[in-house]
Amino acid sequence: MTQTTITSTTTTTTSSGLRSLYLIRVVFSLIWVALVHTTSASLVSKDKPTVIAAVLLVIYPLWDGVATLLERRMAGTGSGSGSGSTNRVTTANMALGLAATIGMIIAVFSTIGTALLVFGIWALLSGAIQLVVAIRRRRTVGAQWPMIISGGLSVLAGAGFAAMSASATSGLSTLAGYSAFGAFWFLVSVVALSIRGRSGH
């Protein structure tokens with residue numbers, strides 16, 4: 001088997017794995033959004049989180065860290081020159097997810113506003129990391145433009161959440177919107193990767 005064939009097979013396997021993971025992330029986000037809307041949408045900045053809201057807030061960054069670990073195993077095994085630096089970035093993202101989970105565990109004992117602040121900081125930083133990873137992965141995996149857009153929007157949304165955390169009218173419904181948009185871009189990524197796989201480019 002030639003090196004070109006090995007590279008092509010690895011890329012195909014990576015794309016297939018990413019598509020499956022992205023679909024799982026879409027399902028998770030939609031379930032999370034539905035649970036927020038049905039149980040916690042009325043909670044605003046000065047309210048204390050309910051038990052259900054607290055669980056939803058903690059599990060979101062925790063799941064993102066787990067998903068990042070799975071994604072690293074699928075896409076971080078290549079031998080390209082940028083794989084080492086990409087692995088370091090994804091390691092930083094996993095550490096960020098763990099830190100955000102710990103921060104959220106502390107925040108849910110305070111108010112929704114505090115949780116929004118923690119979520120906003122995490123969304124901003126994780127979005128920046130996603131942006132870096134997607135840019136570096138363009139040449140090896142391809143079809144990364146949806147993740148580049150999603151990462152950029154996450155940076156903006158995170159800054160917005162942090163700024164809105166002190167507003168009395170800000171609530172968990174804003175986070176549900178963020179998660180729904182994230183699900184949309186993951187779904188777009190699945191389609192883009194599928195098209196690229198079929199075209200062979």
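Contact here means heavy atoms within 4.5 Å. The structure is a predicted model, in which local features need pLDDT of at least 70 and side-chain atom pairs count only at pLDDT 80 or more, while totals for chains, interfaces and linings use all residues. Residues are numbered from 1 along each chain as its sequence is written, and side-chain values use heavy atoms, with hydrogens and water left out.

On that footing, L172 touches V36, S40, L43, A53, L57 and I112, once residues up to four places away in sequence are set aside. L172 is also among the residues with the most contacts inside the largest nonpolar core, alongside W32, M104, F119 and L175. That core runs to 32 residues; a nonpolar core is a set of buried Ala, Val, Leu, Ile, Met, Phe, Trp, Tyr and Cys residues joined through side-chain atoms within 4.5 Å. At least two core residues come from each of α1 (3–39), α2 (51–75), α3 (83–107), α4 (112–137) and α6 (172–199), helices being DSSP runs (H or I) of at least four residues. A second, separate core has 11 residues, including Y22, V26, W185 and L193.

Then there is S165, in the loop between α5 (145–164) and α6. S165 counts as buried because its relative accessibility is 11%, and buried means under 20% relative accessible area (1.4 Å probe, protein chains only). Its contacts, leaving aside neighbours within four places in sequence, are S45, G113, L116 and L117.

Terms used. Buried < 20%, exposed > 50% of the residue type's maximum accessible area, 1.4 Å probe, protein only.
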